[in-house]
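Reader: I would like to learn how to read burial, ring pairs and contacts from atomic positions. Could we begin with a single element and work outwards?

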Amino acid sequence: MSDEELPDTFLDHETYGYPRTFDPNFKGPVAKSKVSSQVHSCSSRGIEIRITNRSCTDVLCCIIFILFIIAYILLGLVAWVHGDPRRVAYPTDSKGHFCGQKGTPNENKTILFYFNLFSCTSPSVVVNLQCPTTQICVSKCPEKFLTYMEIQFMYRTNKHYWMYYSQFCKSPFVKPAKTVTQVLLDDDCPIAIFPSKPFLQRCFPDFTTKNGTLTVGNKTIFEDGSGKKRNAIELRRAANRVNKILDARAIGMKVFEDYATTWYWILIGLTIAMLLSWLFVILLRFTAGFLFWVFMVGVIGIIGYGIWHCYQEHSNLQGRPNSHLTIYDIGFQTDISMYFQLKQTWFAFMIILCLLEVFIILMLIFLRERIRISIALLKEGSKAIGYLPTTLIYPVLTFIFLSICIAYWAVTAIYLATSGVPIYKVISPERTCKHENTTCNPEIFNTTEIARVCPGAQCNFAFYGGKSLYHQYVPTFQMFNLFVFLWLINFIIALGQCALAGAFASYYWALKKPDDIPQYPVFTAFGRAIRYHTGSLAFGSLILALIQMFKLVLEYLDHRLKEAQNNISKFLQCCLKCCFWCLEKMVKFFNRNAYVMIAIYGKNFCRSARDAFNLLMRNVLKVAVMDKVTDFVLILGKILVAGCIGVLAFLLFTHRLPVMIEGPTSLNYYWVPLLTVIIGSYLVAHGFFSVYAMCIDTIFICFCEDLERNDGSREKPYFIAPTLHGTLNKMQLVPLKQKE
């Protein structure tokens, strides 16, 4: 290819003083000028990684990014001043007092109790996010069915019943002298209590399911204290209005118990996954071909074991009662283990695994020739990582940065949510008061006109807020908090990709490896990215953050308007989600390659993205043949690591390794720690193999540039490794031999 045919970005060898003729002993830039000493050059045709003569790119975006970070820090400080996380840690009663706060009368009363949970079906629950009934702090939840009328009769024979019942009243009474009507008007005591258990420091009915029937305290029908018969379903509906996650109460507690029992086994599994990933990365350098087939056989074997296990479970359920039921028949259940008692569940798992097995086998058959190229790329990537071992440590740095961002976002969100002073609203049980939902003062409420006009109305705590300018913009601040969080997360990922790309590019363009590789390439590339290209990385991450923000807004609107949507709006919503998903994937792909070009040439984001796009389009066949097939191989490696650890964890948690080691006993759901180990192992493997993937992507970009810049002659030799060059010859992806 002549110089006239090359893009401008390739024609800068004269500018930076690089020799046009090839010198066999050439180890760096010829000192023709002062500029040449400022550039790390590895080629006779101007292949260089510009170092000290770089200039800052996308300065405007860098300034905006810094201003956003400063505003983000200031927002955190303001939220810290106005917020009070105790409002999240402690539930609040109707008077705005915290339950369980030390140094207060409620210190030993850590649980919130609702007088009349049936009133929580009121539409005002949605408006105020508070149940229109009196709420007090108690030391424990009720354990039995009792009504106020029953207590009046029992008090005559045994005063102990009243002592038990009175602890759920606003203030202690000597005896239950008031009538039910008077109790309702004065709102001194609940007219009925039900067996309850604390969940999220609130008393909720103790629901159980017996033979498919919902019960409360072994009862399905009971009195509500006002003479009406109620059933457990009505009480469940009322409780769900208070807390939509009530359905997860039982499973949540059991999951917590399982984690408390198996946490050290989970850590051991993740440690083994880290060591296994590290071992695979090391072995790939020496036995890439053999290890690839280990990946293949291992993944196929693990999936095959899963198919066999699903078949065994399906066969064992033959003839068992209710095993023929479908998931649709039993509906949503909080006890996940009920689904594993259905034949349909295991049959569905078996079909999914069979399809996955067939897909992998077909991919191996049709891509068998291209896989040879992938193995060669893996060997080259392993060699690069072997020369740059510090790249394997970089994911730890990324993890630390991401953890700091997530923690700061979460703390800021909590402080913003708890900013303000207690706001009290008028709540009427009958919803007939014209003053309902108006602001009130609980200290003087009984002396106001509202109390006289609306008998039975209450001035209850509603939420935390205020009328100041800050409090009016708290929702906007939450949106800003979320947006900057997404921007920072994408920036940290972009910074890691650019730093690794710079390190691996210095390896590829080194004429004599490893002598020409600069010292501390990872830290040098990281410093260059921070010093010169913060604006470009912020630009790319900003585009991605905007797309993700739009996706979250769509999800929020879909959640809020789900009941009001028709089929057409649901279809449009689905199309928008699909479009934004595809757009996000496409932008991530182009950003990744743009960061490689930024790391090599130090140009701004738009020009780097354009050059990367044009380069890939000119080599689209190589992209399909080499790069994407290698990604498939790496994904199989991640699956293998997660699968191996998952099989060991399954055998351990289900007590199928009693001879070798004794696992944890009395687990409620063995799948909870099992899924945690599998997902955690996959993420650990992803951290290691992501370095590998970035290495392959960088080498691939450099390889495409190498082919366009050089022709294999003595004056313009290829920088591609001879072994990789020989493999590519067979696929006719490069010239068959170098020119003399």
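Reader: Which residues of α19 are buried?

Author: Buried means under 20% relative accessible area, while exposed means over 50% and partly exposed lies in between, with a 1.4 Å probe and protein chains only. In α19, a helix being a DSSP run of H or I with at least four residues, and a strand a run of E with at least two, both numbered from the N terminus, the buried residues are Phe 605, Ser 608, Asp 611, Ala 612, Leu 615 and Leu 616. This is a predicted model, in which local features need pLDDT of at least 70 and side-chain atom pairs count only at pLDDT 80 or more, whereas totals for chains, interfaces and linings use all residues. Residues are numbered from 1 along each chain as its sequence is written, and side-chain values use heavy atoms, with hydrogens and water left out.

Reader: Why do the buried residues of α19 line one face of the helix?

Author: An α-helix has 3.6 residues a turn, so residues three or four places apart point the same way. Seen down the axis of α19, the buried residues fall within an arc of 135 degrees, taking the directions from the helix axis to the C-beta atoms, and they therefore line one face.

Reader: How should I read a pair of aromatic rings, and how many aromatic pairs does the structure hold?

Author: Rings of Phe, Tyr and Trp (its six-membered ring) pair if their centres lie within 6.5 Å, and planes under 30 degrees apart count as stacked, over 60 as edge-to-face and the rest as tilted. The structure holds 24 aromatic pairs. One of them joins Tyr 72 and Tyr 408 edge-to-face, at 4.9 Å centre to centre with 70 degrees between the planes; this pair links distant parts of the chain, since Tyr 72 belongs to helix α1 (residues 59-82) and Tyr 408 to helix α12 (residues 394-417), 336 residues apart. Tyr 72 is buried, at 4% relative accessible area, whereas Tyr 408 is partly exposed at 31%. Both also belong to a cluster linked by ring pairs, together with Phe 65, Phe 68, Phe 480, Phe 483, Trp 487 and Phe 491.

Reader: What is Ala 384 in contact with, leaving aside its neighbours within four places in sequence?

Author: Contact means heavy atoms within 4.5 Å. With those neighbours set aside, Ala 384 is in contact with Phe 504, Tyr 507, Cys 695 and Ile 699. Ala 384 is placed in helix α11 (residues 368-387), and at 0% relative accessibility Ala 384 counts as buried.
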